[in-house]
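Let's take a walk through this protein together, starting with a pair of side chains and working outwards. Keep the viewer open as you read.

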Amino acid sequence: MEDPRSIFYYRCDMLSDYKELNSLIGDYLEMRRAYKIRTSYIFLDEITFPREWYRAIKYRIDSGGSGE
């Protein structure tokens with residue numbers, strides 16, 4: 001059975017910009033590491049609401065997801 005924490009859903013319409021989005025993703029990835037979850041799914045509803053949202057996503061992809 002899959003760990004329920006391997007699925008992350010967040011409604012982004014209350015985030016103001018890519019910095020908040022990046023922080024949110026970072027917090028989830030940190031939690032994922034703490035629970036030793038190797039594979040997960042991230043669903044970001046209303047992703048176009050935060051200003052320049054694509055910057056956070058690109059940053060995570062370019063850094064291999066870790067953001068470090």
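**Charged pairs and their surroundings**

A good place to begin is the salt bridge in which the side chains of R5 and D3 meet, with 2.9 Å from N to O. Keep in mind that you are looking at a predicted model. In general, side chains that carry opposite charges can pair when their charged atoms come close. How exposed are the two partners here? R5 has a relative accessible area of 34%, so R5 is partly exposed. D3 comes out at 23% relative accessibility, so D3 counts as partly exposed too.

How many salt bridges does the structure hold? There are four, and two further ones are worth a visit. In one of them, the side chains of E52 and R55 meet at 3.5 Å, again taken from N to O. E52 is partly exposed, because its relative accessibility is 38%. R55 has a relative accessible area of 37% and is therefore partly exposed.

The other salt bridge joins D62 to K58, and the closest N and O atoms are 2.4 Å apart. Where do these two residues lie? Both D62 and K58 belong to helix α2, which covers residues 53-62. They are four residues apart, about one turn of the helix. D62 has a relative accessible area of 55%; exposed means over 50%, so D62 is exposed.

Stay with helix α2 for a moment, because W53 lies there as well. Is W53 buried or exposed, or something in between? Its relative accessible area is 29%, so W53 is partly exposed. Leaving aside residues up to four places away in sequence, W53 touches Y18, L21, I47 and T48. Of these, L21 is 32 residues from W53 along the chain, yet the C-alpha atoms of W53 and L21 are separated by 7.0 Å.

Now turn to helix α1, which spans residues 18-34 and includes M31. With 24% relative accessibility, M31 counts as partly exposed, because buried would mean under 20%. How far is M31 from R55, one of the salt-bridge residues you met above? The two are 24 residues apart in sequence, and their C-alpha atoms are 22 Å apart in space.

With those residues in place, step back to the whole chain. The protein has two helices and two strands, and reading along the sequence gives the pattern β-α-β-α. Among the contacts with a separation of 6 or more, 70% are between residues 24 or more positions apart.

What about the overall dimensions? The C-alpha atoms fill a box of roughly 35 × 25 × 15 Å along the principal axes. A compact globule of 68 residues would have a radius of gyration near 11 Å, and the protein has 12 Å, which agrees.

Finally, consider the surface and the charges. Buried residues make up 29% of the 68 residues. The protein exposes about 5,100 Å², and carbon and sulfur atoms supply 54% of that area. As for charge, there are 11 positive and 12 negative charges, and their mean positions are 5 Å apart.

How values were computed:
Residues numbered from 1 in each chain as written. Predicted model: local features only at pLDDT ≥ 70, side-chain atom pairs only at ≥ 80, totals over all residues. Heavy atoms only, no water. Rg over C-alpha atoms; globule rule 2.2 N^0.38 Å. Buried < 20%, exposed > 50% of the residue type's maximum accessible area, 1.4 Å probe, protein only. Contact = heavy atoms within 4.5 Å. Areas by Shrake-Rupley, 256 points an atom, 1.4 Å probe, with all protein chains shown as cover. Lys, Arg positive; Asp, Glu negative; His and termini not counted. Charge placed at Lys NZ, Arg CZ, Asp CG, Glu CD.
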